[in-house]
Amino acid sequence: MDTSYAPEPDGEPDPGEVVWGWVAYEDDPSRGKDRPVLLVGRDGDDLLGLQLTSKDHDRDAEDEARYGRYWMDVGSGGWDREGRPSEVRLDKLLRLRASEVRREGAALDRPVFDAVVAAAREHHAL
């Protein structure tokens, strides 16, 4: 498993980039929606990612943690047309194929990426 920061604006998905991909709903994995995903690494042919949301979970962090959901603020970027601040979900690691990625949204700054990976290591063997 490789978590090296390697964004390149070349149309190919790379760790450090926010891309768009299909994320299944937890309560019904046969359904889901296209959402922004921060790519944090690779495992063979799989891309490893963490979903982003513009919903603010700071107000309900205790309730979220009770259900095993942990979030971290990452700021705003080109992945959100409205420029809203985003949070990344640390406890749910997604595996995507490059063919499942719809487009690049933007790259996270290196210090933010490093902080996200460090926090996600509390939940995953990255």
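Which residue in β2 does Val19 stand opposite? In this predicted model, the residue that stands opposite Val19 is Val37 in β2, and this pair of valines offers a convenient place from which to enter the structure.

The chain as a whole holds two helices and six strands, and from the N terminus on these elements run in the order β-β-β-α-β-β-β-α. The radius of gyration of the chain is 14 Å, close to the 14 Å that the globule rule gives for 126 residues, so the chain is as compact as a globular protein of that length. Along its principal axes the C-alpha trace spans about 40 × 30 × 30 Å, and buried residues make up 41% of the 126 residues.

The pairing of the strands can be followed outward from the valine pair. Strands β1 and β2 run antiparallel to each other and are joined over seven bridges; besides the pair of Val19 and Val37, Trp22 has Asp34 in β2 as its bridge partner. Strand β1 is also joined to strand β6, residues 101-107, by five bridges, and these two strands run antiparallel, with Trp20 standing opposite Arg103 in β6. Six of the eight residues of β1 are buried, so this strand is largely enclosed by the rest of the structure.

On from β2, the pairing continues into β3, since Val37, already met opposite Val19, has Gln51 in β3 as a bridge partner. Strands β2 and β3 pair in the antiparallel sense over six bridges, and they form a hairpin with two residues between them. In the turn of this hairpin stands Gly44, which has a positive phi of about 65°.

From the strands we can pass to the open space in the model. Rolling a probe the size of a water molecule over the atoms shows where empty space is left. The largest pocket holds about 250 Å³ of space, and it is lined by 16 residues, of which Glu26, Arg35, Gln51, Trp71 and Arg89 lie nearest its centre. The elements that give two or more residues to this lining are β1 (17-24), β2 (32-43), β3 (46-53) and β5 (86-96). What kinds of residue make up the lining of the largest pocket? The lining residues divide into four nonpolar, three polar and nine charged. Gln51, named above as the bridge partner of Val37 in β3, is thus also one of the residues that lie nearest the centre of the pocket.

Two of the residues nearest the centre of the pocket, Glu26 and Arg89, also lead to the next topic, the contacts between charged side chains. Side chains of opposite charge can pair when their charged atoms come close. In this model the count comes to 13 salt bridges, and Glu26 forms one with Arg89, the closest N and O atoms being 2.3 Å apart. Glu26 lies in the loop between β1 and β2 and Arg89 in strand β5, so the pair ties together parts that are 63 residues apart in sequence. How buried or exposed are the two partners? Glu26 counts as partly exposed because its relative accessibility is 48%, whereas Arg89, at 6%, counts as buried.

A further salt bridge brings together the side chains of Arg95 and Asp43, at 2.7 Å from N to O. Because Arg95 lies in strand β5 and Asp43 in strand β2, this pair ties together parts that are 52 residues apart in sequence. Arg95 has a relative accessibility of 44% and so counts as partly exposed, and Asp43, at 27%, likewise counts as partly exposed. These two residues belong to a network of salt bridges that links Asp43, Asp46, Arg95 and Arg97. Elsewhere, Arg84 forms a salt bridge with Asp80, the closest N and O atoms being 2.8 Å apart; Arg84 is partly exposed at 35% relative accessibility, whereas Asp80 is buried, with a relative accessible area of 11%.

A last stop is Asp114, whose place is in helix α2, residues 110-120. With a relative accessibility of 35%, Asp114 counts as partly exposed. The C-alpha atoms of Asp114 and Arg59, which are 55 residues apart along the chain, are separated by 24 Å.

How values were computed: Residues numbered from 1 in each chain as written. Predicted model: local features only at pLDDT ≥ 70, side-chain atom pairs only at ≥ 80, totals over all residues. Heavy atoms only, no water. 1 Å grid on protein atoms, 1.4 Å probe; cavity = no way out; pocket = protein on both sides within 12 Å on 5 of 7 lines; lining within 4 Å. Points joined across faces, edges and corners; volume = space filled by probe spheres on them. Helix = DSSP H or I, 4+ residues; strand = E, 2+ residues; numbered from the N terminus. Nonpolar A, V, L, I, M, F, W, Y, C, P; charged D, E, K, R; others polar. Pairing = 2+ DSSP bridges. Buried < 20%, exposed > 50% of the residue type's maximum accessible area, 1.4 Å probe, protein only. Salt bridge = Lys/Arg side-chain N within 4 Å of Asp/Glu carboxyl O. Rg over C-alpha atoms; globule rule 2.2 N^0.38 Å.
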